[in-house]
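Work through the exercises below. Each one has a task and a stepwise solution.

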Amino acid sequence: MKEQIDITIKPTMACNMKCKHCFNGDAFVQTEKLNLQTAYLFMEKACQEYKKVKVTFHGGEPTLAGIDFYNNFYTKQRELQQKFGTQINNQIVTNGLLLTNEFIDLLNEHNVLINLSFDGPYNYLLRQQTQKVQEIVFKVRNKGGRFKCFCTLSKSSATHLLDIYNWFKYNHISFKTLPIEKRGYAKNNVDIIMSPEELAENFEQVYRIWLTDKEFDISYSTFEEFANLRRDLQHRKFWFERKIAMNPDGRMYTFGRPNDIHYCIGSPVEVDSLNDCFETEDYKKFLSSLEQMRNNRCPSCESSTVCGGVNINIAYLYVNEPELVDYSCRQSNMLFQRILNVNDEVINDFKSGIYDKYNDYIKEKYAPYKGGSN
Ligand SMILES: C[S@@+](CC[C@H](N)C(=O)[O-])C[C@H]1O[C@@H](n2cnc3c(N)ncnc32)[C@H](O)[C@@H]1O
């Protein structure tokens, strides 16, 4: 048995919200719907071969598949879990519009992490039906299941990052922030895109506040990731051969973002095992394209050690236009450097025994640097 695989399932690429920034743009056929039996087969193959399986429903808007799709899928998943002893971690990424009480209860019953796209006090800038979705956000929170918000940052909202931070803090909702990247519809909507400099500036200001905010009792995963950045460590592992996505056409692709549509690696009906997908010509072509990108651009980048080329490869999963990939790289580089400088200050404080002012997350993460007396 292999250790772990992450599978992304996109039951439909249709959506019931027209977000101004959507990275999918018009890249997909909206009418195609994933056949439930094909999704089962994908799940079955994953459980047969791997000890741990992480399952993420994404899209399009995944809840458009309807509550029965999920009820049937998770019931079948439970049988597979018992048969193979698989450890399963379920997630969904949704705009929340269709989350009725019954739907939320079903997701909670299966311990699904609900990632709800909602941008706090600036939600109306990019999305529709803010009032309705906000009520659903509070309903999901109050039901007490696994839950966090995906908060997208635009040019206008990024300058109010502190308001956003406080909104999530006072409403006790864990979140992460996704800065809008020039992809899909966002590519032609330049007024919603901030410059890398602006973004880095806003992030740094609020990150400094969070570091010493002792009343912050939720998780802001973006800042937790920042806090883990070190100059001599690659910040994120590569996912190669650990991640596969299924599109509504019932075929498997390399990752689960728009640009991987060029790398079809089979269908669960055709392959004997998911491992076969990683042996296909398209998978090899995918790996060599990613390697080429890293070889061409990373050596001259000052963030090459901390990034390790992961960010340029992630950018390529969304777009294959060199100018847009370069833009993402510039943004990541600027952010890495700003945050690494702050983290150096924190390390120095800990070495000098000045750590009482920091929040509990930081105190625990930086404990190994402790020196002096507090
Ligand atoms: C593409 S949506 C798909 C799932 C679902 N329909 C939803 O709204 O959550 C997933 C997340 O990606 C974010 N997103 C879309 N386009 C983006 C872009 N160009 N840059 C950054 N985040 C983006 C959305 O705001 C949303 O939180």
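A polar contact is a pair of N or O atoms within 3.5 Å; within protein, one must be able to donate a hydrogen and the other to accept it, and residues adjacent in sequence count only if both atoms are side-chain atoms. This is a predicted model: local features need pLDDT of at least 70, side-chain atom pairs count only at pLDDT 80 or more, and totals for chains, interfaces and linings use all residues. Residues are numbered from 1 along each chain as its sequence is written, and side-chain values use heavy atoms, without hydrogens and water.

**Exercise 1.** Find the polar contacts of the ligand with His21, Ser117 and Thr94.

Step 1. Take the side chains. An N or O atom of Ser117 is 2.5 Å from a ligand oxygen. For His21, the distance to a ligand oxygen is 2.8 Å.

Step 2. Turn to the backbone. A polar backbone atom of Thr94 is 3.4 Å from an oxygen of the ligand.

**Exercise 2.** Describe how helix H7 (residues 196-211) packs on helix H12 (residues 322-351).

Step 1. Helices are DSSP runs (H or I, at least four residues), numbered from the N terminus. Axes are lines fitted to C-alpha atoms over the stretch in contact, and angles run from 0 to 180 degrees between N-to-C directions.

Step 2. The two axes come within 9 Å and cross at roughly 30°. H7 and H12 are therefore roughly parallel (angles under 35 degrees).

Step 3. List the contact (heavy atoms within 4.5 Å). Among its residues are Phe203 and Tyr207 of H7 and Met334 and Leu335 of H12.

Conventions. Helices (H or I, at least four residues) and strands (E, at least two) are DSSP runs, numbered from the N terminus. Angles under 35 degrees count as roughly parallel, over 145 as roughly antiparallel, 65 to 115 as roughly perpendicular and the rest as oblique.
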